[in-house]
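Open the model in your viewer and keep the selection panel handy. We will go from stop to stop, picking what to select and saying what is there.

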Number of protein chains: 2
Amino acid sequence: MKLTELKAIQLAALFSALNDASRVRIISLLIDCEMSVSALAEGLKMSESAVSHQLRGLRQMRLVRARKEGRQVFYTLDDDHVVKLYSMGLDHVEHG
Amino acid sequence: MKLTELKAIQLAALFSALNDASRVRIISLLIDCEMSVSALAEGLKMSESAVSHQLRGLRQMRLVRARKEGRQVFYTLDDDHVVKLYSMGLDHVEHG
DNA sequence: TGAATAATTGAGCAGGTGTTCATATATTAT
DNA sequence: ATAATATATGAACACCTGCTCAATTATTCA
């Protein structure tokens with residue numbers, strides 16, 4: 001299966017969305033429900049700044065969508081395709 | 001879906017296997033057929049050293065298997081699960 | 001044996017990534 | 001207005017990655 005360099009880069013970028021444990025955990029929490037930055041930070045035991053930085057990246061990749069309500073910002077998954085990748089990957093890790 | 005830190009790390013590691021354009025292209029070639037290091041290097045227009053370094057990583061992740069024949073080493077995919085991830089990702093990149 | 005070929009390996013380096021820390025912005029409450 | 005809260009942002013830093021280059025190993029051929 002020959003692959004153009006462009007598609008290889010796009011494919012690599014897609015998988016890069018899930019190649020960090022912090023991002024994987026963020027995605028895993030957002031699968032269940034919408035969450036604010038501070039709720040994510042608490043659930044993941046990460047600083048709000050670190051979470052915010054990661055969310056920024058996920059936002060730029062269009063994997064996550066932000067909804068502002070008062071001074072909180074709630075995040076949800078924007079791309080269900082990534083959830084499928086996540087599930088397939090988890091399945092592989094769990095029953096190998 | 002709560003995720004332990006260990007599983008998050010394992011999941012991230014799995015996706016890290018495909019988060020680089022060179023590796024994606026290596027996988028894409030190996031989907032079709034077994035290939036030697038030099039054939040891969042030529043097909044990808046990469047140095048044999050660079051290809052070999054990447055293959056080492058893929059080997060350590062058990063995604064690729066080596067078979068020695070004379071002074072050549074032929075590589076094949078060892079893990080069909082990764083092919084599924086690859087295909088699903090490619091599908092996403094190609095049609096929406 | 002020595003030369004040539006195929007692949008591997010280690011060092012070194014440039015570029016990228018994820019965190020912390022400090023600061024800035026936006027919104028709400030007093 | 002000021003203070004407090006929620007998030008975002010930029011700089012700095014440590015760590016990781018993927019490449020090149022040089023050297024090494026293993027195999028074949030003359």
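Start with B:S49 and DNA strand C: an N or O atom in this serine's side chain lies 2.8 Å from a base oxygen of the strand, a polar contact (a pair of N or O atoms within 3.5 Å; within protein, one must be able to donate a hydrogen and the other to accept it, and residues adjacent in sequence count only if both atoms are side-chain atoms). Now add A:H53, whose side chain has an N or O atom 3.4 Å from a base oxygen of DNA strand C. For a phosphate oxygen of DNA strand C, pick B:R56, with a side-chain N or O atom at 3.5 Å. Two or more residues of the surface near this strand come from each of α2 (21-32) and α4 of chain A, and α3 (37-44), α4 and β3 (72-77) of chain B. Helices (H or I, at least four residues) and strands (E, at least two) are DSSP runs, numbered from the N terminus. With 5 residues, α4(B) gives the most to the surface near DNA strand C.

A word on what you are viewing: this is a predicted model, in which local features need pLDDT of at least 70 and side-chain atom pairs count only at pLDDT 80 or more, while totals for chains, interfaces and linings use all residues. Residues are numbered from 1 along each chain as its sequence is written, chains are lettered from A and ligands numbered from 1 in the order in which they are written, and side-chain values use heavy atoms, with hydrogens and water left out.

Next, select everything around DNA strand C: 24 residues surround it, the closest being A:S22, A:S49, A:Q54, B:S52 and B:Y75. A residue is near a strand if one of its heavy atoms lies within 4 Å of it. Sugar and phosphate make up 69% of the atoms of DNA strand C within 4 Å of the protein.

Move over to DNA strand D. Of the 25 residues around it, A:S49, A:Y75, B:S22, B:R23 and B:S49 come nearest. Here 71% of the strand's atoms within 4 Å of the protein belong to sugar or phosphate. Phosphate oxygens of DNA strand D lie 2.8 Å from a side-chain N or O atom of A:S38 and 3.0 Å from one of B:S47. The largest share of the surface near DNA strand D is that of α4(A), with 6 residues.

Now show both protein chains. How is chain B superposed on chain A? A rotation of 180° with 0.0 Å of shift along its axis does it, at RMSD 0.1 Å, by least squares on the C-alpha atoms of residues with pLDDT of at least 70 in both. The two copies are thus related as by a two-fold rotation axis. In chain B, the C-alpha nearest that axis is that of B:F15, at 2.9 Å.

Stay there and add A:F15. The ring centres of A:F15 and B:F15 are 6.2 Å apart and their planes are at 25°, so the pair is stacked (centres within 6.5 Å; planes under 30 degrees apart count as stacked, over 60 as edge-to-face and the rest as tilted). A:F15 counts as buried at 0% relative accessibility, buried being under 20% relative accessible area, exposed over 50% and partly exposed in between (1.4 Å probe, protein chains only).

For a last stop, select A:L55. Leaving out residues up to four places away in sequence, A:L55 touches A:I26, A:V37, A:L40, A:V64 and A:Y75, where contact means heavy atoms within 4.5 Å.

How values were computed
Rings of Phe, Tyr and Trp (its six-membered ring) pair if their centres lie within 6.5 Å; planes under 30 degrees apart count as stacked, over 60 as edge-to-face and the rest as tilted.
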